[in-house]
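Colleague: Please give me a close look at one part of this model, the piece you would start with. Then carry on outward into the rest.

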Amino acid sequence: MTATHAAERSAGNVAPRKFDAIRYHVRTCSLGLALVATSDKGVCSLWFGDAAEQLRDELRARFRKATLVEADDDRDNLAAAALALIEAPGSPVSFPIDARGTPFQRRVWEALRAIPPGQTASYADVAKAIGAPAATRAVAGACAANPVAIAIPCHRVLRSDGALSGYRGGVERKRALLAREGVAVPD
């Protein structure tokens, strides 16, 4: 991590806005459980997990100052669009994204969105694409911090040798998403 990246993190640039209201859903999907959270600006979280309470705890930790409201209906069009993307990850993103992070993380996330469906890139490729070729590990960290899986397609990033590596939702979910896009990844 460079001094700039450390300063961005310590400055608290990933803290949620003070008076946010976040509406969220925990739903069963083909990859297990998914949490979708929306703000007044768009989808701010899309995560996978195996336990609903763990997903809720992660949401509370990320949005400490926000008012969190668990939706008990399915009338939220943004959440429905995000959940649909799980089944067809190569589809165009049809909803606004409210991804909060440091300036470095946001640069990485924009580079990830430029990777076309059905294609992959290495962490080193992404580092080069953002003009920071020595920041491969920091790129991996930004991928790990990605708050909106699939819409910000960190699942399309592989190791330089083409192998799967870490994914917040688990490597098997990453493999499944890539397979839905027609990418064959060796075991």
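Modeller: I start with helix H4 (residues 103-113), in what is a predicted model. The buried residues of H4 are Phe104, Gln105, Val108, Trp109, Ala111 and Leu112. Where do they sit around the axis of H4? Looking down that axis, the buried residues span an arc of 160°, so they line one face of the helix. The general rule behind this is simple: an α-helix has 3.6 residues a turn, so residues three or four places apart point the same way.

Now step back along the chain. The loop between helix H3 (77-87) and H4 holds Asp98. Is Asp98 buried or exposed? Asp98 has a relative accessibility of 7% and counts as buried, because the cut-off for burial is under 20%. Asp98 has a charged partner. Its side chain meets that of Arg100 in a salt bridge, at 2.6 Å from N to O. Arg100 is buried too, with a relative accessible area of 8%. So both ends of this bridge fall under the 20% cut-off. Asp98 also gives a long-range reference distance. Its C-alpha atom is 9.9 Å from that of Ala37, with the two positions 61 residues apart along the chain.

How many salt bridges are there in the model? The count comes to eleven. Two others are worth setting beside the Asp98 pair. Take helix H7 (residues 171-180). Arg175 and Glu172 both lie in H7, three residues apart, or about one turn of the helix. They form a salt bridge, with the closest N and O atoms 3.4 Å apart. Glu172 counts as exposed, at 54% relative accessibility. Elsewhere, bridges with shared partners join Glu53, Arg56, Asp57, Arg60 and Glu70 into one network. One link of that network is the bridge between Asp57 and Arg60, whose closest N and O atoms are 2.4 Å apart. This pair belongs to helix H2 (residues 52-62), and again the spacing is three residues, about one turn. Asp57 is partly exposed, at a relative accessible area of 41%. Arg60 is partly exposed as well, at 37%. The Asp98 and Arg100 pair, in contrast, is buried at both ends.

Next comes the interior. The structure holds one cavity of 30 Å³ or more. The largest cavity contains about 70 Å³ of space. Which residues line it? The lining is Leu46, Trp47, Phe48, Cys143, Ala144, Asn146, Ala149, Cys154, Tyr167, Arg168 and Gly169. By class, that gives eight nonpolar, two polar and one charged residues. Strand S3 (42-49) and H6 each bring at least two residues to this lining. S3 gives the most, with three.

Two of these lining residues are cysteines, Cys143 and Cys154. Why is Cys143 in no disulfide? The sulfur of Cys154 is the nearest cysteine sulfur to that of Cys143, yet it is 5.8 Å away, and a disulfide requires sulfur atoms within 2.5 Å, so the pair does not qualify. Cys143 is buried, with a relative accessible area of 8%. Cys44 is also buried, at 1%. A search of the whole structure finds zero disulfides.

One backbone detail belongs here. Ile150 has a phi near 70°, a positive value in a residue other than glycine. Ile150 lies in the loop between helix H6 (136-144) and strand S6 (157-158). Its relative accessibility is 2%, so it counts as buried under the 20% cut-off. Check that backbone angle if you plan to build on the loop geometry.

Last, the overall frame. The protein chain has seven helices and six strands. Along the sequence they follow the pattern α-β-β-β-α-β-α-α-β-α-α-β-α. Of the 187 residues in the chain, 49% are buried. Back at the starting point, H4 contributes Trp109 and Leu112, among others, to that buried set.

Note on methods: Residues numbered from 1 in each chain as written. Predicted model: local features only at pLDDT ≥ 70, side-chain atom pairs only at ≥ 80, totals over all residues. Heavy atoms only, no water. Salt bridge = Lys/Arg side-chain N within 4 Å of Asp/Glu carboxyl O. Helix = DSSP H or I, 4+ residues; strand = E, 2+ residues; numbered from the N terminus. Buried < 20%, exposed > 50% of the residue type's maximum accessible area, 1.4 Å probe, protein only. Arc of directions from axis to C-beta. 1 Å grid on protein atoms, 1.4 Å probe; cavity = no way out; pocket = protein on both sides within 12 Å on 5 of 7 lines; lining within 4 Å. Points joined across faces, edges and corners; volume = space filled by probe spheres on them. Nonpolar A, V, L, I, M, F, W, Y, C, P; charged D, E, K, R; others polar.
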